[in-house]
Amino acid sequence: MIPELTLPAGYASSAADRRLNALLRHLSSSAMDTHNSVSPSPTSSFQYDSVFSHVVQAPEDPILGVTVAYNKDPSPVKLNLGVGAYRTEEGKPLVLSVVRKAEHQLVNDRARIKEYLPIIGLAEFNKLSAKLIFGADSPAIQENRVTTVQCLSGTGSLRVGAEFLAKHYHQCTIYIPQPTWGNHPKVFTLAGLSVKTYRYYDPATRGLNFQGLLEDLGSAPAGAIVLLHACAHNPTGVDPTLQQWEQIRHLIRSKKLLPFFDSAYQGFASGSLDGDAQSVRLFVADGGECLVAQSYAKNMGLYGERVGALSIVCKTADVAGKVESQLKLVIRPMYSNPPIHGASIVAAILRDRNLYNEWTIELKAMADRIISMRHQLYDALRARGTPGDWSHIIKQIGMFTFTGLNSKQVAFMTKEYHIYMTSDGRISMAGLSSRTVPHLADAIHAAVTQVV
């Protein structure tokens, strides 16, 4: 019930007062009529279909979907070798000790604030990231020809670089290796680039199709963009030798192609930060231009912090400054500015000599464990007399091995042995342990001998 509206007691009476009183009675009456006329009913809600009813169910991501299926499997012997994330010998996720130390410093620094970063991110992080990939004595850095912006890990760095190229580069075709990481074609296509492939992996040798690579890049139009994996090629684990890299560099420069490096595994492949950066440094040393996307997901274990950087090496400092100004215009409407925490962890480790040294020790330990898993799996397959030459397992490098198993064999291993991997036969060596190698070797042996 709505109460009647009245003037306060003792309010003076006059012609104006009487008019005001009449108005209040009218408003009170109208409110009561409106209240009485509304009859709420459960059937009065909207009966229209959703404006999104036409949306179809999207398929699971082919890589992340492996984990979804794995999580639903109740088997106690199940094994997830799909997602590229490091695991300890006990099969647990690892937070590096040096990362915990850096975080402890940050948390206990009462002077730290949570204000927005600039559009291009944390300046110290950008500077140190460029030195890490190009080398502290890089002429490009000394001559201020490099612009570096903090991005959302490797994927974000690739996307920002692709958006910049789509807007400001004269050639909108990018050549990516076949095969490559499944997200690469999506990132570049959605940014507005036309994606083509060049031969890379040879299924017959389970190694590099170097001749095919040279032929395809040799026939690419002048100025085309070329995506190159800096090290530990994903998904094959097959890298060119240093001599082959030099031939690739010479071809790309002579054809005036633009190299775009994806560096997701620096230090994580061989255990050497400098060794894993050699391919990039070859291209920078000749004075030419290139783009480099960096990620700290693997080598610092900062997967969920989404920490990365995009560096563009230019001909002059003046050009680098203009490029940076345009990168800001790409980033601002995309995510405004990057997060502060993960970049602060990286900067704290890279600036402090003791933390940096501790990081390199932990990094090499991760790389060495993966290399050990390669040898253990190879030895286990040989011990079982598994048909075929499995030496590619120890020849390949980095987190992943391209086993050569076909999709039917992969499905068999999932159904019969509860081992999960992508359908192309890629396995994450970082997900293996001495305890699980025999189980995987049994599954591979059975798949090869029972499934064509």
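**Salt bridges, strands and cysteines in a predicted model**

Q: Which residues are linked with R253 in a network of salt bridges?
A: The model is a predicted one. In it, salt bridges join four residues into a network, and R253 is one of them. The others in this network are E246, R249 and D286.

Q: How far apart are N and O in the salt bridge between R253 and D286?
A: A side-chain nitrogen of Arg must lie within 4 Å of a carboxyl oxygen of Asp to count. R253 and D286 meet that rule through their side chains. The N to O distance is 2.9 Å.

Q: How many residues apart in sequence are the parts tied together by R253 and D286?
A: R253 belongs to helix α9 (residues 242-254). D286 sits in the loop between α10 (278-285) and β9 (290-295). The pair therefore ties together parts whose separation in sequence is 33 residues.

Q: Is D286 buried, partly exposed or exposed?
A: Buried requires under 20% relative accessible area, and exposed requires over 50%. D286 has 31%. So D286 is partly exposed.

Q: What is the N to O distance in the salt bridge of E358 and K101, and how many residues apart are they?
A: The side chains of E358 and K101 meet at 2.9 Å, N to O. E358 is in helix α13 (residues 353-384), while K101 is in helix α3 (residues 97-107). The bridge links distant parts of the chain. The two residues are apart by 257 residues.

Q: By about how much of a helix are D318 and K322 separated?
A: D318 and K322 form a salt bridge, with the closest N and O atoms 3.3 Å apart. Both lie in helix α11 (residues 317-335), four residues apart. Their separation is therefore about one helical turn.

Q: Which class does K322 fall in, partly exposed or exposed?
A: The cut-off for exposed is over 50%. D318 has 48% relative accessibility, so D318 counts as partly exposed. K322 has 51%, so K322 counts as exposed.

Q: How many salt bridges does the count come to?
A: The pairs E358 with K101 and D318 with K322 are among them. By the 4 Å rule, the count comes to 16.

Q: Why is strand β3 largely enclosed by the rest of the structure?
A: Strand β3 covers residues 173-178. It has six residues, and the strand is largely enclosed because the number of them that are buried is five.

Q: Which residue in β4 stands opposite Y175?
A: β3 and strand β4 (residues 194-199) run parallel, joined by six bridges. Together with helix α7 (residues 184-191), β3 and β4 make a right-handed β-α-β unit. Opposite Y175 in β4 stands K196.

Q: Which residue in β7 stands opposite Y175?
A: β3 also pairs with strand β7 (residues 225-229). That pairing is parallel and has two bridges. Opposite Y175 in β7 stands V226.

Q: How many disulfides does the structure hold?
A: Two cysteine sulfur atoms must lie within 2.5 Å to count. For C290 the nearest cysteine sulfur belongs to C314, 9.2 Å away. C290 is in no disulfide. For the structure, the number of disulfides is zero.

Q: Is C290 buried or exposed?
A: C172, at 28% relative accessible area, is partly exposed. C290 has 1%, which puts it under the 20% limit. C290 is therefore buried.

Q: Which residues is N126 in contact with, leaving aside its neighbours within four places in sequence?
A: N126 is found in helix α4 (residues 123-134). With a relative accessible area of 5%, N126 is buried. Its contacts beyond those neighbours are I120, G121, T148, V149 and Q150.

Definitions and conventions
Residues numbered from 1 in each chain as written. Predicted model: local features only at pLDDT ≥ 70, side-chain atom pairs only at ≥ 80, totals over all residues. Heavy atoms only, no water. Buried < 20%, exposed > 50% of the residue type's maximum accessible area, 1.4 Å probe, protein only. Pairing = 2+ DSSP bridges. Right-handed = clockwise from strand over helix to strand, strands pointing away. Contact = heavy atoms within 4.5 Å.
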